[in-house]
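Q: Could you take a close look at one small part of this model for me? I would like to hear about a group of aromatic rings and how they sit together.

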Amino acid sequence: MQRGTMRREASTLSPRFIDLYCERTAPGFWDEPVNAVSNAALLAAAHALPVALGREMRDPLELLPIALGGSIGIGSFLFHTLASPAAELADVIPIWSFVALYVLAVIWRTTGQNVVRTARIAAIATAATCIAFWAGGQGVTTGADPAPMRLNGSLQCLPALIALTAFAGFALARQHPARWLVTGATLVFFLSLVFRTIDLQVCVATGGVGTHFLCRLLNGLVVGLLLQALVVHLPPVRRDPAL
């Protein structure tokens, strides 16, 4: 039986079942084992925890992105096992929460923790994100029918790629100590989007496994590099409370 036939039959049995990736052929819990297990790579976010907890004053703008980085792996595991709209929300909410908090933390610390400058740059970043979503013509979720999704839904990641590219460019221009970590994260994220995009196109050639699991593994590396850049090279500014 061809995969397209199995997809149609599975969709008939489960109308709300999301079949976006090559590996999935039915609505069963363990129908994407490789994709599901590869999400363990996101638990690499925990590597930054000892540094964040070791500070004299713990900063929520470090601890929350670390926690969200780990929760991305959990949410994505649920999505690749349950394949339901609710599970997809468990996937995308931690992802975009991580992106938003990480960008805020970077802006806050690169402006010397200046409230006005942080608010101004954050407003510009928010507007740019909205424009990128509008230009891509997609939301942050995939929906139950993957057929209309351009580039297999990778366009929804465009705002994150733009933010990473801007951050890398800024870090390189300023010769910031975090520049190589951020540049590496940007390049790895771009490669992960390539694997996400071609997943269905190479489905037959990969024996029905696809390449989405490589996207998940690389995203774990991206999160690890970004958190390393934040906690090691962008430490919080501690001001004398007496000033």
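A: Happy to! Please keep in mind that this is a predicted model. To set the scene, the chain has nine helices and zero strands. Of its 243 residues, 44% count as buried. Among contacts between residues at least 6 apart in sequence, 65% join residues at least 24 apart.

Now to the rings. A search of the whole structure finds six aromatic pairs. One of them is formed by F29 and W30, whose rings are stacked, with 6.2 Å from centre to centre and 15° between the planes. The pair counts as stacked because its planes are under 30 degrees apart.

W30 also pairs with F77: here the ring centres are 6.3 Å apart and the planes stand at 55°, so this pair is tilted. That angle is neither under 30 degrees nor over 60, which is why the label is tilted rather than stacked or edge-to-face. The pair links distant parts of the chain, as W30 lies in the loop between α1 (3–13) and α2 (33–38), while F77 belongs to helix α4 (residues 60–82), 47 residues apart.

Taken together, ring pairs join F29, W30 and F77 into a cluster.

How does the cluster sit with respect to the surface? F29 has a relative accessible area of 46% and is partly exposed. W30 is partly exposed too, with a relative accessible area of 46%. F77, at 29% relative accessibility, likewise counts as partly exposed, because buried would require a value under 20%.

Methods. Residues are numbered from 1 along each chain as its sequence is written. This is a predicted model: local features need pLDDT of at least 70, side-chain atom pairs count only at pLDDT 80 or more; totals for chains, interfaces and linings use all residues. Side-chain values use heavy atoms; hydrogens and water are left out. Helices (H or I, at least four residues) and strands (E, at least two) are DSSP runs, numbered from the N terminus. Buried means under 20% relative accessible area, exposed over 50%, partly exposed in between (1.4 Å probe, protein chains only). Contact means heavy atoms within 4.5 Å. Rings of Phe, Tyr and Trp (its six-membered ring) pair if their centres lie within 6.5 Å; planes under 30 degrees apart count as stacked, over 60 as edge-to-face and the rest as tilted.
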